[in-house]
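Student: I am new to this structure. Please take me closely through the packing of its helices.

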Amino acid sequence: MGQDAERIQEIRRLKQEIYGEYGVFYYVPMAESYTVQVPVTVSCSYRRCLYCDLNQGMAFRELSFDEIDANLERLRVIHERDTRPPSRFLLAGGNPFVLSTEKLLSIAERVRAVFPSCEYIACFARADDVLRKTGGASDELATLHQAGYDRLCLGIESGSDRVLRYQEKGVGRAENAAAMAALDAAGMRYSAYVMLGLGGRDMSAEHITETADLLNAAHPFELTVVTLVLFRGARLVEKVRTREFRRMTSLETLKEGRELLSRLTLSTVWNGTHKTNLFPIKGKLPEHKDLLLRRIDAALAEMSRGDLKQHELRRWQNWGIE
Ligand code: SF4
């Protein structure tokens with residue numbers, strides 16, 4: 001076997017050792033897909049959102065410092081021949097920001113010890129993970145920011161309390177707003193996930209108006225716009241079967257996305273390129289808002305004429321149960 005082939009095999013083995021525990025749905029925030037990913041938690045500490053089966057029944061666990069150090073050493077080997085040392089890092093796991101401030105600070109030190117080139121460390125966070133780090137005697141968010149934490153990815157999903165309650169998100173609009181304000185105050189940048197179709201047909205109007213209102217008062221550097229999909233193991237599936245939850249069609253969610261976009265006045269990036277979306281589109285707001293709206297209108301007109309491409313439909317159906 002040549003040296004190149006050996007190296008490829010070694011990297012494959014190391015990646016399997018690092019990420020193997022995550023299973024099929026190893027999920028990385030879209031804004032951080034090109035980062036070096038450091039496992040620190042497995043699964044999500046909450047695991048009760050009605051629509052979610054990303055964790056496939058896996059119990060939440062924190063990796064020990066020994067495990068984290070071992071993974072950092074594997075990552076060092078993987079990146080030792082990079083022409084430019086890696087600068088962007090992501091803590092892998094459903095919501096690593098649930099970890100104590102003390103542990104997060106120690107992880108940042110360990111990342112920097114192995115990769116002095118580290119410029120920032122991002123991770124997924126729930127609003128309650130952020131809020132637990134506010135209100136104490138010390139400004140924990142500012143301390144974490146100084147230690148390198150930045151570009152958190154916040155799962156907002158909706159600005160509507162009714163939608164969030166129905167989907168058992170565990171936090172409401174007020175918590176989402178307070179978490180974003182706290183991150184703003186600490187100077188920590190964040191992207192916000194919003195989910196089209198999350199209110200179904202019955203709550204669509206309030207889902208969109210209240211999400212737009214919430215976002216217009218916040219300062220995410222990017223909106224990651226995704227569309228609700230039905231994971232086979234999610235509890236929402238049963239509510240769709242009994243028609244308690246009336247799922248929107250792909251065209252309806254595209255229209256919902258258009259409505260949300262039309263109501264936004266904040267400066268951010270609209271990133272709707274996630275694979276769950278029927279029509280992937282991305283642009284800066286407010287500069288590209290009109291252009292994005294025109295593109296969506298053109299796509300809607302084409303699709304309404306029955307020109308929806310078969311592969312687009314298939315892609316959509318692959319996610320569904322229907
Ligand atoms: S959607 Fe996010 S917060 Fe909710 S259970 Fe899934 S991973 Fe956890």
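Tutor: Here is a walk through two helix packings. This is a predicted model: local features need pLDDT of at least 70, side-chain atom pairs count only at pLDDT 80 or more, and totals for chains, interfaces and linings use all residues. Residues are numbered from 1 along each chain as its sequence is written.

Two packed helices are described by the angle between their axes and the distance between the axes. Start with helix α1 (residues 3–19) and α2. Their axes come within 10 Å and cross at roughly 155 degrees. Therefore α1 is roughly antiparallel to α2 (angles over 145 degrees count as such). The crossing of α1 and α2 is left-handed (the near helix is turned anticlockwise from the far one by less than a right angle). From α1 come I11, L14, E17 and I18. From α2 come N71, R74, L75, V77 and I78. Contact means C-beta atoms, placed from the backbone, within 7 Å. By class, this contact has six nonpolar, one polar and two charged residues.

Now turn to the other packing. Helix α2 (residues 65–79) packs with helix α3 (residues 101–114) at an angle of about 30 degrees. Their axes lie 10 Å apart. So α2 is roughly parallel to α3 (angles under 35 degrees). The crossing of α2 and α3 is right-handed (turned clockwise). In α2, I68, D69, L72 and R76 take part. They meet I107, R110, V111 and V114 in α3. This contact of α2 with α3 has five nonpolar, no polar and three charged residues.

Methods:
Axes fitted to C-alpha atoms, helices over the stretch in contact; angles between N-to-C directions. Helix = DSSP H or I, 4+ residues; strand = E, 2+ residues; numbered from the N terminus. Parallel < 35°, antiparallel > 145°, perpendicular 65-115°, else oblique. Contact = placed C-beta atoms within 7 Å. Nonpolar A, V, L, I, M, F, W, Y, C, P; charged D, E, K, R; others polar.
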